[in-house]
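Work through the exercises below with the structure open. Try each task before reading its solution.

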Amino acid sequence: MKPTLFFSILSVSLAISTAAFAADEYNVANGLTLNGNPLGMHGVDPLSMFDGSAPEVGEADHTSTHNGVDYYFASAEAKQAFDASPDAYLPQFGGFCAFGVFVGKKLDGDVRYADLVDGKLYLFVNAAILQKYREDPEAVIAGADAKWPSIVNTPVRDL
């Protein structure tokens, strides 16, 4: 095999494997948006999670893309605020359940079961898990923070 062909094959293989890993770094809905990207937070406006009211469904008219994931916003103003500082509004652990990450899993994070701690958004898979988290939130957050770097690039099916 010629060296240039070998390196071409190697480059393509690395690109494909990187894309496969990146797909599981964020909790996204099945399917793609009109932009061709997966949808984050199940279409809920991330900023709505910070104002103390019920989560608000975003509109495709107000879409921002961050790290290859699309997010919908309820207004142009919310989109503009997100665009100025996306990491301030995105849920921790790529939107996966914080308690799931704590135990080494990537479970769906549901906006109906959320907590704000020190300005950071944490999502949980259901009411029972949110209740379990509330027994010792500091330990769960610290444990999830410690665990996340070792699983962030691991496909969901491999955990």
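The exercises go from the whole chain to single residues, and the model is a predicted one.

**Exercise 1. The overall layout**

Task: State how many helices and strands the chain has, and give their order.

Solution:
- Step 1. Count the elements. The chain has five helices and four strands.
- Step 2. Read from the N terminus. The order is α-β-β-α-α-β-β-α-α.
- Step 3. Turn to burial. Of the 159 residues in the chain, 36% are buried.
- Step 4. Check the contacts. Among contacts with a separation of 6 or more, 55% join residues 24 or more positions apart.
- Step 5. Add the surface. About 8,900 Å² is exposed by the chain, and carbon and sulfur atoms supply 56% of that area.

**Exercise 2. The β1-β2 hairpin**

Task: Describe how β1 and β2 are joined, and decide whether the faces of β2 are covered or open.

Solution:
- Step 1. Find the direction. β1 and β2 run antiparallel, with five bridges between them.
- Step 2. Locate one opposed pair. Phe73 in β2 has Glu59 opposite.
- Step 3. Inspect the turn. Two residues separate the strands of this hairpin, and Asn67 in the turn has a positive phi of about 50°.
- Step 4. Take the faces of β2 one at a time. Val69, Tyr71 and Phe73 are buried on one side. Asp70 and Tyr72 are buried on the other.
- Step 5. Conclude. Five of the five residues of β2 (residues 69-73) are buried, so the strand is largely enclosed by the rest of the structure.

**Exercise 3. Thr33 in its loop**

Task: Place Thr33 in the chain, then find which side chain makes a polar contact with the side chain of Thr33.

Solution:
- Step 1. Place the residue. Thr33 sits in the loop between α1 (3-22) and β1 (59-66).
- Step 2. Judge its burial. The relative accessible area of Thr33 is 10%, under the 20% cut-off, so Thr33 is buried.
- Step 3. List the neighbours. Leaving out residues up to four places away in sequence, Thr33 touches Pro38, Leu39, Asp70 and Tyr72.
- Step 4. Pick the polar partner. The side chain of Asp70 makes a polar contact with that of Thr33, at 2.4 Å.
- Step 5. Link back to the hairpin. Asp70 and Tyr72 are buried on one side of β2.

**Exercise 4. The salt bridges**

Task: How many salt bridges are there, and which side chains meet in them?

Solution:
- Step 1. Count. There are three salt bridges.
- Step 2. Start in helix α2 (residues 76-84). Asp83 and Lys79 meet there at 2.7 Å, N to O. The two are four residues apart in the helix, so about one helical turn separates them. Asp83 is partly exposed at 40%, and Lys79 is partly exposed at 24%.
- Step 3. Go to strand β3 (residues 110-117), where Asp110 lies. The side chains of Arg112 and Asp110 meet at 2.7 Å, N to O. Arg112 is exposed, with a relative accessible area of 60%, whereas Asp110 is buried at 14%.
- Step 4. Look around Asp110. Not counting residues up to four places away in sequence, Asp110 touches Leu123, Phe124 and Val125.
- Step 5. Finish with Glu135 and Lys132. Their side chains meet at 3.3 Å, N to O. Glu135 is exposed at 56% relative accessibility. Lys132 is partly exposed at 42%.

Technical notes. Residues numbered from 1 in each chain as written. Predicted model: local features only at pLDDT ≥ 70, side-chain atom pairs only at ≥ 80, totals over all residues. Heavy atoms only, no water. Buried < 20%, exposed > 50% of the residue type's maximum accessible area, 1.4 Å probe, protein only. Polar contact = N/O pair within 3.5 Å; in protein donor to acceptor, adjacent residues only side chain to side chain. Contact = heavy atoms within 4.5 Å. Pairing = 2+ DSSP bridges. Salt bridge = Lys/Arg side-chain N within 4 Å of Asp/Glu carboxyl O. Areas by Shrake-Rupley, 256 points an atom, 1.4 Å probe, with all protein chains shown as cover.
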